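Here's a quick briefing to read with the model open beside you. It goes through charge pairs, a surface patch and some backbone oddities.

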Amino acid sequence: MSGEPTTGSLGRSVRRKEDQRLVTGHGRFVTDLELPRMRHVAFLRSPVAHARITGVDTSEAVGTGVRVFTGADFADVELRAQSALPSYVETGQPVFAHGKVRFAGEPVAAVVAADRYRAEDGCELVEIDYDPLPPTVCAWEPPEEPVHAEAPDNVLLERTFTAGEVDETFAGAAVVVERDLVTNRHSGNPMECRAGVAVWDAADRRLTFWNGTQVPHIVRNMIAELMDLPEGNVRVIAPDVGGGFGVKAVLYPEDVALCLMARAMPGVPLKWTEDRAEHLLAATHARDHRYRMRAAFDGDGTLLGIDADVTCNVGAYSVYPWTAGIEPLMAGGLLSGPYRLAHYRATVRGVATNTAPSGPYRGVARPASVYAMEAMFDSAAARLGLDAVEIRRRNVIMPEDVPYKMPSRLVDDSGHYAECLDKALDLIDYPSVRAEQERRRAAGEAPIGIGVALYNELTGLGRAASAGPRMPFRTGHDACTVRINADGRVTVFSGVTSQGQGLETTVAQIVADGIGVTYDDVDVRIGDTDASLWGFGAFSSRQAVIGGGAAHRTAQAVQAKLLDLAAGLLEASVDDLRVVDGRISVVGEAEPRISVAEVARVAYLESHRLPEGIEPGLEATRFYDPIRGAFAAGAQVAAVEVDRTTGELTILSYVCVEDAGRAMHPQIVDGQIAGSIAQGIGGALYEHLVYDTDGNLSTGTLLDYLMPTSAEIPEMVIGHVSRPAANPLGVRGVGEGGTLGPNAVLAGAVHDALGIEIDTLPVSPSRVWEALHAQEVRA
């Protein structure tokens, strides 16, 4: 193809462009921002989970010289996450609670002061009178008092997915397995908590908002609407962001409050940095689910049908823009996973409670749904006397089944699950682990269990695949602008955002190879809505597929302009030109004829040399939408030792094999997989947000909310099955897949070791010990 480079950086672990500033302490985070006249904000949060607000007195606080804002100041502004699903109950989320509070930690006021300390002191002087109401904490218990009047039963959304003849299938099944599974509530806990700085320019009626967000363009869009401003008058800047994991893919009331307060205090930058206690209390939570599962199998272990009832605790509000449907709809749509299934019924619902709102978190529902589905296979294998691996082999989608229409009507384009499983079993040396398991049983030593999980990760969702929540917009496309400057260097303005994924690097690789210049000659600018035309942001493992696709298409368009100009200058045919490492050659000639920099100089500075019909400049903007998306296949296998005395688990070996398609930067891909597995292990074994019956968070600090350290995370073996996807770069997303397996793998390993079914997460030592004790009592 004309201009196709013979060398390039894609597929190699080149030095990351971000690392120089990040590892030397020169990262630019929101908290680092210091502006003249800056003031600091502290939010006063409700100490009760459910109550009417009967009085607000700010006089004592104002008397100390601070500025106080309450719900009365912004009573006409609220966030409303919208959905066209027939069952959806739309509710509003106020900037500050007024009239009623719905969870402990909800902001009810804000204090602006010279520093954070004075602001927090001012919060203590604001008097709020509360008339308590009965709280609802558990989503599968009936409410005494609804969270929202619009939903008397607290159900904000309900949908049933159906396929085939479920009742008839169960009636004729050889084996029916039933389990009632409950997953634990998590917090995202990125290293950097939420943060924002807002400043209002009254002369130009222009707002600038620095925000540690994953979705700067979505934030700009809604901030402009809520403040009745042209979008061009709102600039959102997401600088370096210290982790996101989905928690920062939400527009929060605190974000809106900062912007509204800044307009009320023109020219005064307002800064807020969330502390860890606030994060655990008020940032979005996730994965508080209950799965009532029934699975029908025939006598040889073939899965015949699934009948599921899924309840997701969505907390007090339907978060913007993802709605209360983000977790239940994902659970119902992907519960069947990578398995062939004709008969399927899953009723899913999102239920409001007086707890912190639930939102996107790495893996969105699938760590829970994979756990539920894999548990059914483990139970069925035990009932039928089959090996846990064998029963999965008999049911998994194979390449010859692709494209496979899942019972939820999503189309799986992978089919490489058995290949991933085979490679994972080889890497863990499955026969040897089984032999050691039998040796220990015979010797009466600490038992070993083997856990297995297969999963499919839907990545890079285009506008067809992102239709599930039925929001007013589809998150299917991104834009990219690429410019070759007059000196021959390339500047890229991409709609992607980075929270540690190395996107400045991978986008530079894509553009460098797409044009034919060196990687070092490409600079990438991201995270600024004034610079990049559009990008929906970081979620759903979409950026490599969609943002990368946009970068690739744009680079090709710029290369075409470059070669048109070069062909005119060289009096050669475009089809005979090749551009490699910034030099343009004619096919058949030993030496390059001209450099990209020389051509670029003509394009900008020596316009008198431009061939007829060619305009100045070397720049293009393109969008990309994959329409559907790309499934990534994955398999995880672990060997786990269980201490019968304490119930403690020790992970002896952990293997993950994924099909990420084409690995553009292998080191980044492995880092994404390892990090997501570590996060999944934390959720499976340690992390648990616990509320008491009054709706108070009992695990509100890292002393109580356990998170794994490097001491708890095992050495991992990561393997790859690289089957290119049907998109311009052949890539499949890899950001979330690792989180999907650990719940199922570790619970399955305990079942394999001890015959104990873990029906409630996390797999804590106390839970294992109690199950062992109950087993001994029954015996």
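Is aspartate 288 buried or exposed? Aspartate 288 is buried, because its relative accessible area of 14% falls under the 20% cut-off. Keep in mind that this is a predicted model. Salt bridges are a good place to start, as the structure holds 53 of them.

**Salt bridges across the chain**

- Aspartate 288 has a partner: arginine 185 forms a salt bridge with it, and the closest N and O atoms are 3.2 Å apart.
- That pair links distant parts of the chain, 103 residues apart, with arginine 185 in the loop between E10 and strand E11 (186-187) and aspartate 288 in the loop between strand E16 (285-286) and strand E17 (289-297).
- Arginine 185 is buried too, with a relative accessible area of just 2%.
- Arginine 179 and aspartate 759 also meet through their side chains, in a salt bridge of 2.6 Å from N to O.
- Arginine 179 sits in strand E10 (residues 175-182) and aspartate 759 in the loop between helix H17 (742-754) and helix H18 (765-778), so this pair ties together parts that are 580 residues apart in sequence.
- The two ends differ in cover: arginine 179 counts as buried at 8% relative accessibility, whereas aspartate 759 counts as partly exposed at 25%.

**A short-range pair**

- Aspartate 115 forms a salt bridge with arginine 118, and here the closest N and O atoms are 2.4 Å apart.
- Arginine 118 is partly exposed, with a relative accessible area of 48%.
- As general background, side chains of opposite charge can pair when their charged atoms come close.

**A positive patch and a buried arginine**

- On the surface, Arg159, Lys405, Arg409, Arg470, Arg474 and Arg628 gather in a patch of positive charge.
- One of these, arginine 159, lies in strand E9 (residues 155-163) and counts as partly exposed at 32% relative accessibility.
- For an arginine under cover, look at arginine 440 in helix H12 (residues 430-443), which is buried with a relative accessible area of 14%.
- Leaving aside residues up to four places away in sequence, arginine 440 touches Glu445, Ala446, Ile448 and Glu641.

**Backbone oddities**

- Why give these their own section? Most residues other than glycine have a negative phi, and most peptide bonds are trans.
- Valine 402 and proline 403 are joined by a cis peptide bond, with omega at about 0 degrees.
- Proline 403 is in the loop between helix H10 (388-393) and strand E20 (404-405).
- Another cis bond runs from leucine 761 to proline 762, with omega near 5 degrees, and proline 762 is in the loop between H17 and H18.
- Aspartate 228 isn't a glycine, yet its phi is positive, near 55 degrees.
- You'll find aspartate 228 in the loop between helix H5 (216-226) and strand E14 (234-237), where it counts as exposed at 66% relative accessibility.
- Aspartate 429 has a positive phi as well, about 60 degrees, and lies in the loop between helix H11 (417-428) and H12.
- Aspartate 429 is partly exposed, with a relative accessible area of 38%.

Conventions
Residues numbered from 1 in each chain as written. Predicted model: local features only at pLDDT ≥ 70, side-chain atom pairs only at ≥ 80, totals over all residues. Heavy atoms only, no water. Patch = residues over 30% accessible without salt bridge, like charges linked within 9 Å, V, L, I, M, F, W, Y side chains within 5 Å. Areas by Shrake-Rupley, 256 points an atom, 1.4 Å probe, with all protein chains shown as cover. Salt bridge = Lys/Arg side-chain N within 4 Å of Asp/Glu carboxyl O. Lys, Arg positive; Asp, Glu negative; His and termini not counted. Charge placed at Lys NZ, Arg CZ, Asp CG, Glu CD. Helix = DSSP H or I, 4+ residues; strand = E, 2+ residues; numbered from the N terminus. Buried < 20%, exposed > 50% of the residue type's maximum accessible area, 1.4 Å probe, protein only. Contact = heavy atoms within 4.5 Å.
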